[in-house]
Structure formats: C-alpha cells, structure tokens
Amino acid sequence: MNGRESQALEALDKLRGTSAVASGSTVREMEAIKSEIEYMDTLEKGRWIDLFVSKYRKRTIMVVALFFFYQVSLNRGHQ
C-alpha cells in the first residue's frame, strides 16, 4: 500500500465512526483490504490490447455501448 497504511486506517476510522473503531472492525477491514491487494498482485496482468482481440471484442463493444447509452439517458433526464 505504498507505506500509507496508517493514513488508510485513519480514513477508515473517520468513515466508519467511533463504534467501529472501538470494536476493532476498522482494523479487521484494513487487514482484509491488505490481503486482497496482495492476492490481486499475484494474478496475471492483462494488457489493454487484450480487450480488442476476437475473444473479447464483442463483450468490450457491448460494455462501451451500455455505458454510452446510460450516459445519454442521464443527460436527457436533466434537461
């Protein structure tokens, strides 16, 4: 976590409140976050170009279209 674990814990403490700090749940949450980061670092990394190979091209186009139309519908609702 780039040596900023104490800052992250302080942020969690502020976010969760005094009862969570007193019960120790923010410390447990911080440990779970660290564990997940360590696990994610062990996984194989993909490249951006992998999104456009034939295996994933259809999925990529669908997701981009979904987000595009979602944004368009949000903008129409606020006019």
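The following is a conversation between a student and a tutor about a predicted model of a single chain.

Student: What makes up the secondary structure of the chain, and in what pattern does it follow along the sequence?

Tutor: The chain contains four helices and zero strands, and, read along the sequence, it follows the pattern α-α-α-α.

Student: Why is the chain called more spread out than a compact globule?

Tutor: The radius of gyration of the chain is 20 Å, whereas the globule rule gives 12 Å for 79 residues, and because the value is well over that rule, the chain is described as more spread out than a compact globule. The C-alpha atoms fill a box of roughly 50 × 40 × 20 Å along the principal axes. Buried residues make up 9% of the 79 residues, where buried means under 20% relative accessible area. The accessible surface comes to about 7200 Å², and 60% of that surface belongs to carbon and sulfur atoms.

Student: How far apart in space are V72 and A8, and where does V72 lie?

Tutor: V72 lies in helix α4, and its C-alpha is 36 Å from that of A8, the two residues being 64 residues apart in sequence.

Student: Why is V72 called partly exposed?

Tutor: Its relative accessible area is 29%, and because partly exposed covers the values between 20% and 50%, V72 is placed in that class.

Student: What makes the contact between K34 and E5 a salt bridge?

Tutor: The closest N and O atoms of K34 and E5 are 3.3 Å apart, and since a salt bridge needs a side-chain nitrogen of Lys or Arg within 4 Å of a carboxyl oxygen of Asp or Glu, the pair of K34 and E5 qualifies. K34 lies in helix α3 and E5 in helix α1 (residues 5-16), so the pair ties together parts that are 29 residues apart in sequence. E5 itself counts as partly exposed, at 35% relative accessibility.

Student: Which other residue forms a salt bridge with K34, and how do you know that a network is present?

Tutor: The side chains of K34 and E31 meet in a salt bridge at 3.5 Å, N to O, which again falls within the 4 Å cut-off. K34 and E31 both lie in helix α3, three residues apart, about one turn of the helix. K34 bridges to E5 and to E31, and E5, E31 and K34 are accordingly linked in a network of salt bridges. E31 has a relative accessible area of 42%, so it is partly exposed.

Student: What do E29 and R16 tie together?

Tutor: The side chains of E29 and R16 meet in a salt bridge with an N to O distance of 2.7 Å. E29 lies in helix α3 and R16 in helix α1, so the pair ties together parts that are 13 residues apart in sequence. E29 is partly exposed at 24% relative accessible area, and R16 is also partly exposed, at 40%. The pair of E29 and R16 belongs to a structure that holds four salt bridges.

Student: Which residues make the nonpolar surface patch, and why is I49 called exposed?

Tutor: The patch, of about 490 Å², is made by W48, I49, L51 and F52. I49 lies in the loop between α3 (25-42) and α4 (54-77). Its relative accessible area is 52%, and because exposed means over 50%, I49 is called exposed.

Student: How do you know that I61 and F69 are exposed rather than buried?

Tutor: I61, which lies in helix α4, has a relative accessible area of 53%, and F69, also placed in helix α4, has one of 55%. Because the exposed class begins over 50%, I61 is exposed and F69 is exposed. The C-alpha atoms of I61 and L51 are 9.4 Å apart, with their positions 10 residues apart in sequence counted as their separation, while F69 and R57 are 12 residues apart in sequence and 18 Å apart in space, C-alpha to C-alpha.

Student: How far apart are the mean positions of the positive and negative charges?

Tutor: The chain has 12 positive and 10 negative charges, and their mean positions are 13 Å apart.

Terms used. Residues numbered from 1 in each chain as written. Predicted model: local features only at pLDDT ≥ 70, side-chain atom pairs only at ≥ 80, totals over all residues. Heavy atoms only, no water. Patch = residues over 30% accessible without salt bridge, like charges linked within 9 Å, V, L, I, M, F, W, Y side chains within 5 Å. Areas by Shrake-Rupley, 256 points an atom, 1.4 Å probe, with all protein chains shown as cover. Helix = DSSP H or I, 4+ residues; strand = E, 2+ residues; numbered from the N terminus. Buried < 20%, exposed > 50% of the residue type's maximum accessible area, 1.4 Å probe, protein only. Rg over C-alpha atoms; globule rule 2.2 N^0.38 Å. Lys, Arg positive; Asp, Glu negative; His and termini not counted. Charge placed at Lys NZ, Arg CZ, Asp CG, Glu CD.
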